[in-house]
Amino acid sequence: MQVSFTLFFCVMGIVLTGILLGSASYLRDEYASKNRSAQYWLISLISTLLGYFVFSYAISNAPNDIKGNSFLFTIANVLYVGGLVFQVLFCHVLRADSKKALWFACGFLIFYAIEFEGSRGGAGLFSFRVVQVAVISLLCLIWQFVNLARYVGTHKSLQLKLLLGCTALEMLLVIARALVGTKLGAVDTIDAIPAPLLILTFTFSACNSVSYLIAAGYWAEQNIAKRVQARIENEKVKGLLLERDTLIGSLLKANKNSTTAAISASMAHELNQPIAAIDVNLFMLEKALEEAPIDVKKAETLLGSIAMDNQRLANIIKSIGAIFKNQPISYQSTEVSELLSSITRIAGPDCRSKGIALRVIGNQNGLITVDITAIQQVLLNLVSNSIAALEKSNTVEKIIEIETSILNADIRFSVADNGPGVPSQYQAKLFELMQSNKEGGSGLGLWLCKHIVTEYGGMIFQENQATGGVKFTFDLPEVAKNSSSIQ
């Protein structure tokens, strides 16, 4: 009998060790993610298999009397009960984590260990210990059954349903073991343990090992479900990424088409303005020439306006062509005064016809090496914007001032007017393509100005003046190559 007990508990321990090793791959990720149910189940499994091994060792090395190796039997029983308690915690935590339950379980096991060791005072207490362990096991199994039943009712898991059935069978075996234990007489030796109790003990232990095997199947089930879910999520992500790429491609294509169309429309608008002005001024000039006597002053004004629009048209075409052809900057040397004179010569007649005073202030002496046409384009665009703003303004004395100055090694140009200024809502995007604060504006002029200035490594900015109107300023660094003559 002693050998049978030893072999049985040793085999049970080996079986549970196999279950532990077989579940390691499933439990590794769960344990690492601090899954309490996995942690409790692992503690339960290790506690039970250690209990079986201690039972096997204690029986194999004990004399035939019940009192032999009493402390080892206490450890074995505490490990066995601990396995049941933590298996209950595993089922309980499936529904709701509770640290109070853990502290209660640990406190109970300490109390049980002390109480069990104290009850080993005589052979007559063997039946009491059998009934005591059976009752504790029954209470644990009832708690486990209730938690499993509630959890299985709301979650689909074949393995947990099997575990629920196995728990019910364990409860019946424990009840039978308790009934047999109450009818035991004095048991002084291991060989004196009655066969019905042995059969129930072996059957319950085997059933308990099966419950661990089923629980291991639950972790495998969970692992498979996670992999399937991960595969589904991966497919969804792949689909979303493919959809994103397709959408981005469509948006890029649409954006390219819309941007091209918008730039084309802006260019057409920007070019149409001077062309239309030339047409109107030519018509007015024809009328003026038909009158007798000819109004020379009026004719000169009209010719000046035509010249300004013609120059502006040429500059726009050249600037846009240089941008899209990515042509290098063509540097030419010119006097600052000559550059500013060309601006007043072109823009002056239009200003005079609209009652606007065009002034040039600051020191104009010195030589500057730039792409003259490009800088003319910037200045004429800024002057043209000021003219348009003042034309609709109620200001009595309308003034545009072009100022030059030297800032370190840079030359600074500014164009200021005393018109209404730029509304605050337009200031942030003033230099962006196709952004305009003018009714019917193309949004190309200021963008071209910024592009040209940036090509030189300079910067352009705008500020509303405290006295009214707006001031545009741009710096051209290291382009005033003979700036030493500009004092």
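A residue counts as buried under 20% relative accessible area and as exposed over 50%, with partly exposed in between. Glu401, at 26% relative accessibility, therefore counts as partly exposed. Keep that scale in mind as we walk through this structure, which is a predicted model.

## The protein as a whole

Let us start with the broad view. The protein has 487 residues, and 44% of them count as buried. Its secondary structure consists of twelve helices and seven strands. Among contacts with a separation of 6 or more, 75% come from residues 24 or more positions apart. The surface that the protein exposes comes to about 24800 Å², and carbon and sulfur atoms supply 61% of this area.

## Salt bridges

Side chains of opposite charge can pair when their charged atoms come close. The structure holds five salt bridges, and three of the pairs are set out here.

| Salt bridge | Distance, N to O |
|---|---|
| Arg359 and Glu397 | 3.6 Å |
| Glu401 and Arg359 | 3.7 Å |
| Arg412 and Asp475 | 2.6 Å |

Arg359 is a good place to begin, with a salt bridge to Glu397 and another to Glu401. This arginine has a relative accessible area of 35%, so it is partly exposed. Where do Glu401 and Arg359 lie? Glu401 is in strand 4 and Arg359 in strand 2, so their pair ties together parts that are 42 residues apart in sequence. With Glu397 the link is again between distant parts of the chain: Arg359 belongs to strand 2 (residues 356-362), while Glu397 sits in the loop between helix 10 (372-391) and strand 4 (398-407), 38 residues apart.

The side chains of Arg412 and Asp475 also meet in a salt bridge. Arg412 lies in strand 5 (residues 410-417) and Asp475 in strand 7 (residues 470-476), so this pair ties together parts that are 63 residues apart in sequence. Are these two partners buried or partly exposed? Arg412 counts as partly exposed because its relative accessibility is 25%, whereas Asp475 is buried, with a relative accessible area of 7%. Elsewhere, Asp350, Lys354 and Glu391 are joined into one network by salt bridges that share partners.

## Aromatic pairs

A pair of aromatic rings is described by the distance of the centres and the angle of the planes. How many aromatic pairs does a search of the whole structure find? The search finds 13 of them. One is made by Phe8 and Phe9, with an edge-to-face arrangement at 5.5 Å centre to centre and 70 degrees between the planes. Phe8 and Phe9 are both buried.

Phe9 also pairs with Phe55, and here the rings are stacked, with 5.0 Å centre to centre and 25 degrees between the planes. Phe9 lies in helix 1 (residues 2-32) and Phe55 in helix 2 (residues 36-60), so the pair ties together parts that are 46 residues apart in sequence. Like Phe9, Phe55 is buried. If you look around these rings, you will find one aromatic cluster formed by Phe8, Phe9, Tyr52, Phe55 and Phe202.

## A buried threonine in strand 1

Thr334 belongs to strand 1 (residues 332-335). Its relative accessibility is 9%, so Thr334 counts as buried. What does Thr334 touch, leaving out residues up to four places away in sequence? The residues in question are Leu339, Gly366, Leu367, Ile368 and Ile372.

## Two helices to look at

Helix 12 spans residues 445-455, and its buried residues are Gly445, Leu446, Leu448, Cys449, Ile452 and Val453. These residues are on the same side of helix 12 because they cover an arc of only 155 degrees around the axis. An α-helix has 3.6 residues a turn, so residues three or four places apart point the same way. After helix 12 comes Gly457, which has a positive phi, near 80 degrees.

Helix 5 (residues 126-154) is where Ile142 is found. Which residues make a nonpolar surface patch of about 310 Å²? Val135, Leu139, Ile142 and Val146 make this patch. Ile142 itself counts as partly exposed, because its relative accessibility is 37%.

Methods: Residues are numbered from 1 along each chain as its sequence is written. Side-chain values use heavy atoms; hydrogens and water are left out. Buried means under 20% relative accessible area, exposed over 50%, partly exposed in between (1.4 Å probe, protein chains only). Helices (H or I, at least four residues) and strands (E, at least two) are DSSP runs, numbered from the N terminus. The arc is that of the directions from the helix axis to the C-beta atoms. Contact means heavy atoms within 4.5 Å. Accessible areas come from the Shrake-Rupley method with a 1.4 Å probe; for residues, only the protein chains shown count as cover. Patches are made of residues with over 30% relative accessible area and no salt bridge: like charges are joined within 9 Å, nonpolar side chains (Val, Leu, Ile, Met, Phe, Trp, Tyr) within 5 Å. A salt bridge is a side-chain nitrogen of Lys or Arg within 4 Å of a carboxyl oxygen of Asp or Glu. Rings of Phe, Tyr and Trp (its six-membered ring) pair if their centres lie within 6.5 Å; planes under 30 degrees apart count as stacked, over 60 as edge-to-face and the rest as tilted.
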